[in-house]
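Trainee: I have a new model open and would like to go through it with you. Could we start with the metals and then move on to whatever else stands out?

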Amino acid sequence: MKVKVLQNILSANDKIAAENRQMLDSQTVLAIDVMSSPGAGKTSLILRTIERLRDAVRIAVIEGDIASSIDADRIGKEGVVVIQINTGGQCHLDANMLHQGLQNLQLADIDLLFVENVGNLICPAELKLGTQKRMMLLSVPEGDDKPRKYPLMFTEVEVIVVNKIDLLPYTDFDFDSFQRAVTGLNPDVKIFRVSCKTGEGIEEWLSWLKSELGK
Ligand code: MG
Ligand code: ZN
């Protein structure tokens with residue numbers, strides 16, 4: 001019985017996700033669901049991207065947080081459109097929340113929409129929002145064993161950004177073993193290595209993004 005209830009919730013979510021996808025596609029907005037555990041650097045990567053692409057690409061951000069508007073305030077300072085969604089305790093965004101966010105945006109004026117999910121490696125993986133792309137960040141201090149502990153997240157995404165690579169010399173993060181674990185789960189996934197702090201690897205991330213945007 002419990003299983004049945006969960007399936008109903010998921011299929012209701014998927015229905016709204018499909019509507020979201022149609023709204024985004026019809027206005028040629030590329031939307032990316034950005035997931036990670038708290039503190040991996042989602043907001044920092046979004047800020048780096050805005051800094052570099054703002055002249056060529058019209059960017060908007062939807063910020064999902066349990067509480068506060070700290071991240072939205074950081075992004076709003078850059079002069080891009082940002083919508084804060086406070087989930088009121090819920091540890092993930094769902095398709096209905098994104099739907100409300102989309103209704104408050106001028107989609108015709110947006111090329112790229114980042115949807116920064118609540119920091120959490122579990123339920124965001126289960127709940128599709130309707131974005132064309134799903135990505136996750138993993139930061140080096142979290143360790144290279146996360147694909148084995150949270151396999152669904154690593155299976156569900158098209159893109160993985162490993163952030164804070166400037167810290168590699170101070171940890172025993174084994175990149176080869178990480179990559180083996182990830183490609184075992186998800187052979188087609190794209191993996192980028194970046195440091196939002198030093199800027200290393202950001203070029204590769206940006207050129208992937210630009211090619212997805214057809215720029
Ligand atoms: Mg953030
Ligand atoms: Zn949750």
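Mentor: Before the zinc site, one term: a donor here is an N, O or S atom within 2.8 Å of the metal, and because water is not among the atoms, a site may look incomplete. Please also keep in mind that this is a predicted model.

Trainee: Fine. How are the donor residues of the zinc ion (ligand 2) spaced in sequence?

Mentor: The spacing is C-H-x30-C. Cysteine 91 sits in the loop between β3 (81–86) and α4 (95–103), whereas cysteine 123 belongs to helix α5 (residues 123–126), so this pair ties together parts that are 32 residues apart in sequence.

Trainee: Which atoms coordinate the zinc ion, and at what distances?

Mentor: The coordinating atoms are SG of Cys91, ND1 of His92 and SG of Cys123, at 1.9 to 2.2 Å. Of the two cysteines, cysteine 91 is partly exposed with a relative accessible area of 32%, while cysteine 123 is buried, with a value of 15%.

Trainee: And the magnesium ion (ligand 1), what are its protein donors?

Mentor: They are Thr43 through OG1, Asp71 through OD and Glu116 through OE, lying 2.1 Å from the ion. Aspartate 71 is in helix α3 (residues 70–76) and glutamate 116 in strand β4, so that pair ties together parts 45 residues apart in sequence. Aspartate 71 counts as buried at 16% relative accessibility, and glutamate 116 counts as buried at 3%.

Trainee: Changing topic, what does the largest nonpolar core look like, and which residues have the most contacts inside it?

Mentor: That core has 29 residues, and those with the most contacts inside it are Leu45, Leu112, Phe114, Met135, Val161, Trp205 and Leu209. At least two core residues come from each of β1 (30–35), α2 (42–53), β2 (59–65), β4 (112–116), β5 (133–139), β6 (159–163) and α9 (202–212).

Trainee: What does tryptophan 205 touch?

Mentor: Leaving out residues up to four places away in sequence, tryptophan 205 touches Leu45, Thr49, Phe114, Met135, Val159, Val161, Phe192 and Val194.

Trainee: Now the charges. How many salt bridges does the structure hold?

Mentor: The structure holds eleven. One of them joins aspartate 33 to arginine 134, with the closest N and O atoms 3.8 Å apart. Aspartate 33 lies in strand β1 and arginine 134 in strand β5, so the pair ties together parts that are 101 residues apart in sequence.

Trainee: Are those two buried or exposed?

Mentor: Both aspartate 33 and arginine 134 are buried, and for aspartate 33 the relative accessibility is 0%. Setting aside neighbours within four places in sequence, aspartate 33 is in contact with Val115, Asn117, Leu129, Thr131, Lys133, Arg134 and Met135.

Trainee: What about the salt bridge between glutamate 203 and arginine 52, how far apart are N and O there?

Mentor: In that salt bridge the N to O distance is 2.6 Å. The pair links distant parts of the chain, with glutamate 203 in helix α9 and arginine 52 in helix α2, 151 residues apart. Glutamate 203 counts as partly exposed at 43% relative accessibility, and arginine 52 likewise counts as partly exposed, at 42%. Elsewhere, salt bridges that share partners join Asp33, Lys128, Arg134 and Glu156 into one network.

Trainee: Which side chain of opposite charge is nearest to aspartate 144?

Mentor: The nearest one is arginine 148, 4.4 Å away, and aspartate 144 has no salt bridge although it is buried. The cut-off explains this, because a salt bridge needs a Lys or Arg side-chain nitrogen within 4 Å of an Asp or Glu carboxyl oxygen. A polar atom of the aspartate 144 side chain does, however, lie 2.6 Å from the backbone nitrogen of aspartate 174. Among the residues that aspartate 144 touches are Asp172, Phe173 and Ser177.

Trainee: Last topic, backbone angles. What is phi of threonine 28?

Mentor: Phi of threonine 28 is near 45°, a positive value in a residue other than glycine. Threonine 28 is in the loop between α1 (2–26) and β1, and it is exposed, with a relative accessible area of 64%. Lysine 164 also has a positive phi, of about 65°, although it is not a glycine; lysine 164 lies in the loop between β6 and α8 (175–185).

Methods: Residues numbered from 1 in each chain as written. Chains lettered and ligands numbered in written order. Predicted model: local features only at pLDDT ≥ 70, side-chain atom pairs only at ≥ 80, totals over all residues. Heavy atoms only, no water. Core = buried A, V, L, I, M, F, W, Y, C linked by side-chain atoms within 4.5 Å. Buried < 20%, exposed > 50% of the residue type's maximum accessible area, 1.4 Å probe, protein only. Helix = DSSP H or I, 4+ residues; strand = E, 2+ residues; numbered from the N terminus. Contact = heavy atoms within 4.5 Å. Donors = N, O, S within 2.8 Å, 3.2 Å for Na, K, Ca; no water. Lys, Arg positive; Asp, Glu negative; His and termini not counted. Polar contact = N/O pair within 3.5 Å; in protein donor to acceptor, adjacent residues only side chain to side chain.
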